[in-house]
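This briefing goes through one protein chain, topic by topic. Keep the sequence and the 3D view open while reading.

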Amino acid sequence: MPLLRSLAIAAAAAGSLIPAASAGPVVCRTSIEAPLDGSPLVEVSRCGPVTTTPELMEQRFFSYTAPYARGVSVVNQITDVLGIAMGGREGNRVMGLGFPDQTIVWDGSAVENTYQVLLDQQSTPLPWRTADVSNGFCQGLPQGGCSNLSAPVRGLW
């Protein structure tokens, strides 16, 4: 009985040291891969957490600089004077050496690069190309449009 009690106390103490885990949605991708040693094909699944666009932009925005409310703490004021960049949403991650004006530039670059990647993901890599269409204004409106309609010109594809 004393052994069970000591195990329960040890588990409770260890539980306070272990950070709490949070569950969220994940995306799993499965692929079929061939091992290097010539064995039969293997099905490999890789899972990762789902990050929404607003969450991603907020992470990038606070990459190198803490939010204002967190950044006015005594620790952050001392690290600002020493030129140590404290980033993250909580303002508790050491990101490198840089004064506040430099960390603002770094955050801006991170947001700009993320924005460009998001725009590239939303647009097609090739421009749309279509055949030319006559505009109907080669003579003017009173004359009734174009009298010599030529064949449409094919697009560049």
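The points below cover the overall fold, the salt bridges, contacts between strands, the largest pocket and a surface patch.

The model is predicted. Its chain has 157 residues, of which 15% count as buried. Five helices and four strands make up its regular elements.

**Overall fold**

- Along the sequence, the elements follow the pattern α-β-β-α-α-α-β-β-α.
- Helix 1 covers residues 2–17, and the loop between helix 1 and strand 1 contains Pro-25.
- Strand 1 spans residues 26–33, and strand 2 spans residues 42–49.
- Helix 2 takes in residues 53–61.
- Helix 3 (68–71), helix 4 (74–82), strand 3 (84–87) and helix 5 (100–122) each give two or more residues to the lining of the largest pocket.
- Strand 4 runs over residues 93–97, with a loop between strand 3 and strand 4.

**Salt bridges**

- Side chains of opposite charge can pair when their charged atoms come close.
- How many salt bridges does the chain have? The count comes to two.
- One of them joins Glu-33 to Arg-46, with 3.1 Å between the closest N and O atoms.
- Glu-33 belongs to strand 1 and Arg-46 to strand 2, so this pair links distant parts of the chain, 13 residues apart.
- Glu-33 has 30% relative accessibility and therefore counts as partly exposed.
- Arg-46 is also placed in the partly exposed class, because its relative accessibility is 48%.
- Another salt bridge joins Arg-89 to Glu-58, and here the closest N and O atoms are 2.6 Å apart.
- Why does this pair tie together parts that are 31 residues apart in sequence? Arg-89 lies in the loop between strand 3 and strand 4, while Glu-58 lies in helix 2.
- Arg-89 is partly exposed because its relative accessible area is 44%.
- Glu-58 has a relative accessible area of 35%, so Glu-58 is partly exposed.

**Helix 5 and Glu-58**

- Val-111 is a residue of helix 5.
- With a relative accessibility of 22%, Val-111 counts as partly exposed.
- From C-alpha to C-alpha, Val-111 and Glu-58 are 8.8 Å apart in space, although 53 residues apart in sequence.

**Residues in and around the strands**

- Cys-47 sits in strand 2. Is Cys-47 buried or exposed? Cys-47 counts as exposed because its relative accessibility is 53%.
- Cys-47 and Cys-28 are 19 residues apart along the chain, and their C-alpha atoms are separated by 4.0 Å.
- Gly-96 belongs to strand 4, and its relative accessibility of 24% makes it partly exposed.
- The C-alpha atoms of Gly-96 and Ala-85 are separated by 5.4 Å, with the two residues eleven residues apart along the chain.
- Pro-25, in the loop between helix 1 and strand 1, is exposed because its relative accessible area is 57%.
- The C-alpha atoms of Pro-25 and Gly-48 are separated by 8.7 Å, and these residues are 23 residues apart along the chain.

**The largest pocket**

- The largest pocket holds about 200 Å³ of space.
- Its lining consists of 17 residues.
- Which residues lie nearest the centre of the largest pocket? They are Thr-65, Ala-66, Gly-71, Asp-80 and Pro-100.
- By class, eleven of the lining residues are nonpolar, five are polar and one is charged.

**A nonpolar surface patch**

- Val-74, Ile-78, Val-81 and Leu-82 make a nonpolar surface patch of about 430 Å².
- Val-74 is part of helix 4.
- With a relative accessibility of 60%, Val-74 counts as exposed.

**Points to keep in view**

- Glu-58 appears twice above: in the salt bridge with Arg-89, and in the C-alpha distance to Val-111.
- Helix 4 likewise comes up under two topics: it gives two or more residues to the lining of the largest pocket, and Val-74 is found in it.
- Strand 2 holds Arg-46 as well as Cys-47.

How values were computed: Residues numbered from 1 in each chain as written. Predicted model: local features only at pLDDT ≥ 70, side-chain atom pairs only at ≥ 80, totals over all residues. Heavy atoms only, no water. 1 Å grid on protein atoms, 1.4 Å probe; cavity = no way out; pocket = protein on both sides within 12 Å on 5 of 7 lines; lining within 4 Å. Points joined across faces, edges and corners; volume = space filled by probe spheres on them. Nonpolar A, V, L, I, M, F, W, Y, C, P; charged D, E, K, R; others polar. Patch = residues over 30% accessible without salt bridge, like charges linked within 9 Å, V, L, I, M, F, W, Y side chains within 5 Å. Areas by Shrake-Rupley, 256 points an atom, 1.4 Å probe, with all protein chains shown as cover. Salt bridge = Lys/Arg side-chain N within 4 Å of Asp/Glu carboxyl O. Buried < 20%, exposed > 50% of the residue type's maximum accessible area, 1.4 Å probe, protein only.
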